[in-house]
Amino acid sequence: MSEGSSAGNDSRSEEKEPGQDVHAWYQKGMELLSNGSPAAAAQVLQRASAAEPSSRSVREALARAQFDAGWYEAAADNFRMIVEASPADDYANFGLGLSLARTGNPQAAAEYLALAAAMRPEAAHYTDALRQVRATLRARDPEENA
């Protein structure tokens with residue numbers, strides 16, 4: 001059987017460098033996320049993350065998409081990976097804290113939100129989230145958290 005013409009009429013796509021797909025998936029995922037389609041964005045960004053697992057920007061975008069899609073445990077897992085690799089990343093600590101709060105773990109959430117707020121005290125949304133989680137903890141056990 002013939003391999004076909006060598007004149008460029010091959011119907012297969014050209015070989016791409018590994019980073020090209022990751023970049024295209026990242027761009028598409030960010031577009032979907034900004035257009036209000038977080039579940040679709042998460043699907044695309046998951047491909048990018050699988051191809052480039054050490055990319056912090058891809059993992060953060062994936063975690064944001066998962067959070068916005070309501071997949072809080074998955075978002076927490078991805079934010080946790082960023083925090084483990086870079087403990088001083090205030091946004092990852094904030095995202096992990098919010099994700100943990102949404103999974104029903106306000107005690108752990110408070111720890112990460114407190115770290116984020118300490119790193120960036122001027123970020124009102126960090127301190128607001130921390131206040132809310134602490135209020136939840138006080139409401140659950142007023143004597144212990146008085």
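Is A85 buried or exposed? A85 is exposed, because its relative accessible area is 68%, and over 50% counts as exposed.

## The model at a glance

This is a predicted model. The protein chain has 146 residues, and buried residues make up 35% of them. Its secondary structure comes to seven helices and zero strands. Read from the N terminus, the elements run α-α-α-α-α-α-α.

Contacts can also be sorted by distance along the sequence. Take those in the protein chain with a separation of 6 or more: residues 24 or more positions apart account for 41% of them.

## Helix α2

Helix α2 covers residues 38-51. It has 14 residues. From first C-alpha to last it reaches 20 Å, close to the 20 Å expected at 1.5 Å a residue.

Several α2 residues are hidden from the surface. P38, A41, A42, V44, L45, A48 and S49 are buried in this helix. An α-helix has 3.6 residues a turn, so residues three or four places apart point the same way.

## Helix α3 and E60

Helix α3 has 13 residues, which should span 18 Å at 1.5 Å a residue. Its end C-alpha atoms are 18 Å apart, so the two values agree. Buried residues in α3 are V58, R59, E60, A61, L62, A63, A65, Q66 and F67. After α3 comes G70, with a positive phi near 85°.

E60 sits in α3, which runs over residues 56-68. E60 is buried because its relative accessible area is 15%, and the cut-off for buried is under 20%. Which residues does E60 touch, leaving aside its neighbours within four places in sequence? E60 is in contact with I82 and Y91. Another pairing is seen in the backbone: the C-alpha atoms of E60 and M81 are separated by 9.5 Å. Along the chain, E60 and M81 are 21 residues apart.

## A85 in helix α4

A85, the exposed residue of the opening question, is found in helix α4. Its C-alpha atom is separated by 9.0 Å from that of R56. The two residues are 29 residues apart along the chain.

## Helix α4 against α5

Two packed helices are described by the angle between their axes and the distance between the axes. Helix α4 spans residues 72-85, and helix α5 spans residues 90-102. Their axes come within 8 Å and cross at roughly 150°. That makes α4 roughly antiparallel to α5, because angles over 145 degrees count as roughly antiparallel. The crossing of α4 and α5 is left-handed.

Which residues of α4 meet α5? On the α4 side they are Y72, A75, A76, F79, R80, I82 and V83. On the α5 side they are Y91, A92, N93, G95, L96, S99, L100 and R102. The residues of this contact of α4 with α5 divide into ten nonpolar, three polar and two charged. I82 and Y91, the two contacts of E60, are among the residues where α4 and α5 meet.

## Helix α5 against α7

Helix α7 takes up residues 124-140. The axes of α5 and α7 come within 11 Å and cross at roughly 30°. That makes α5 roughly parallel to α7, because angles under 35 degrees count as roughly parallel. The crossing of α5 and α7 is left-handed.

From α5, the residues D90, Y91, F94, L98 and A101 take part. They meet H125, Y126, A129 and V133 in α7. In this contact of α5 with α7, seven residues are nonpolar, one is polar and one is charged. Y91 appears here and also in the contact of α4 with α5.

## Helix α6 against α7

Helix α6 covers residues 106-119. How do α6 and α7 pack, and at what angle? The angle is about 150°, with the axes 9 Å apart. α6 and α7 are therefore roughly antiparallel to each other. The crossing of α6 and α7 is left-handed.

The contact draws on P106, Q107, A109, A110, L113, A114, A116 and A117 of α6. From α7 come Y126, T127, A129, L130, V133, R134, T136, L137 and R140. By class, the contact of α6 with α7 has twelve nonpolar, three polar and two charged residues. Y126, A129 and V133 of α7 take part here and also meet α5.

Terms used. Residues are numbered from 1 along each chain as its sequence is written. This is a predicted model: local features need pLDDT of at least 70, side-chain atom pairs count only at pLDDT 80 or more; totals for chains, interfaces and linings use all residues. Side-chain values use heavy atoms; hydrogens and water are left out. Axes are lines fitted to C-alpha atoms, for helices over the stretch in contact, and angles run from 0 to 180 degrees between N-to-C directions. Helices (H or I, at least four residues) and strands (E, at least two) are DSSP runs, numbered from the N terminus. Angles under 35 degrees count as roughly parallel, over 145 as roughly antiparallel, 65 to 115 as roughly perpendicular and the rest as oblique. A crossing is left-handed if the near helix is turned anticlockwise from the far one by less than a right angle, and right-handed if clockwise. Contact means heavy atoms within 4.5 Å. Ala, Val, Leu, Ile, Met, Phe, Trp, Tyr, Cys and Pro count as nonpolar, Asp, Glu, Lys and Arg as charged, and the others, Gly among them, as polar. The expected span of a helix is 1.5 Å times one less than its number of residues. Buried means under 20% relative accessible area, exposed over 50%, partly exposed in between (1.4 Å probe, protein chains only).
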